[in-house]
Amino acid sequence: MCATWHTCLFQIAYECVSLTFHPFGVALAAGSTEGHLVVLNAESGAPAATIRVCGSPLSCIGYNPAGDMIAIGSQNGSVYLFRVSRDGFSYKKSNKIRGTQALNHLDWSTDGNYLQTVTADYDLAFCEYLLALCLAF
């Protein structure tokens, strides 16, 4: 068994605080401290899209398992949902789930129907993204 190490340097014009890969490995999405989502071609590192999401840091991001949605959690407590094209490089705002506490982490259920978020105070919320409805625990 052998391991191969690769060095990967991508240039992004913003300070980034969150990263995620598209489930098919085609894109790398980064959330910035200024509220921008920066999408790069994962193979070449070329910028594919830059989207102003909000004015707060984008502290957590994640694609759903099918790769056709991305959830973006912000320090303002909101989760922003975008539809993603099949190639992983085009994004269209779909919905916003408002919250009050800064978000530290989010992830999708394996079927892609639900989101789980964790706040800075370690509160959990489970969201049904189609209804934009969250239950806090």
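**Exercise 1.** In this predicted model, find the strand that holds Y91, and decide whether the residue is buried or exposed.

*Solution.* Begin with the secondary structure, where Y91 belongs to strand β8, which covers residues 91-97. Next take the relative accessible area of Y91, which is 14%. Buried means under 20% relative accessible area, and Y91 is therefore buried.

**Exercise 2.** Work out which residues surround Y91, and which polar contacts its side chain makes.

*Solution.* Set aside the neighbours within four places in sequence; Y91 is then in contact with A27, L37, V39, I51, Y63, I70, F82, R83 and V84. One of these, Y63, also meets Y91 through a polar contact of 2.5 Å between the two side chains. A further step leads to the backbone oxygen of G88, which the side chain of Y91 reaches at 2.9 Å. Finally, compare sequence and space for M69, which lies 22 residues from Y91 in sequence, while the C-alpha atoms of the two are 8.7 Å apart.

**Exercise 3.** Describe the sheet to which β8 belongs, and explain why one side of β8 has no neighbour in the sheet.

*Solution.* First write down the strand order, β5-β6-β7-β8, which forms an open sheet of 4 strands with antiparallel pairing. Because β5 (58-63) and β8 stand at the edges and each has a single partner strand, one side of each is left without a neighbour in the sheet. On average, and with direction ignored, neighbouring strands here are turned by 20° against each other. Then look at β6 (residues 69-74) and β7 (residues 79-84), an antiparallel pair joined over 5 bridges; among the bridge partners, A71 is matched with L81 in β7.

Terms used:
Residues numbered from 1 in each chain as written. Predicted model: local features only at pLDDT ≥ 70, side-chain atom pairs only at ≥ 80, totals over all residues. Heavy atoms only, no water. Helix = DSSP H or I, 4+ residues; strand = E, 2+ residues; numbered from the N terminus. Buried < 20%, exposed > 50% of the residue type's maximum accessible area, 1.4 Å probe, protein only. Contact = heavy atoms within 4.5 Å. Polar contact = N/O pair within 3.5 Å; in protein donor to acceptor, adjacent residues only side chain to side chain. Pairing = 2+ DSSP bridges. Axes fitted to C-alpha atoms, helices over the stretch in contact; angles between N-to-C directions.
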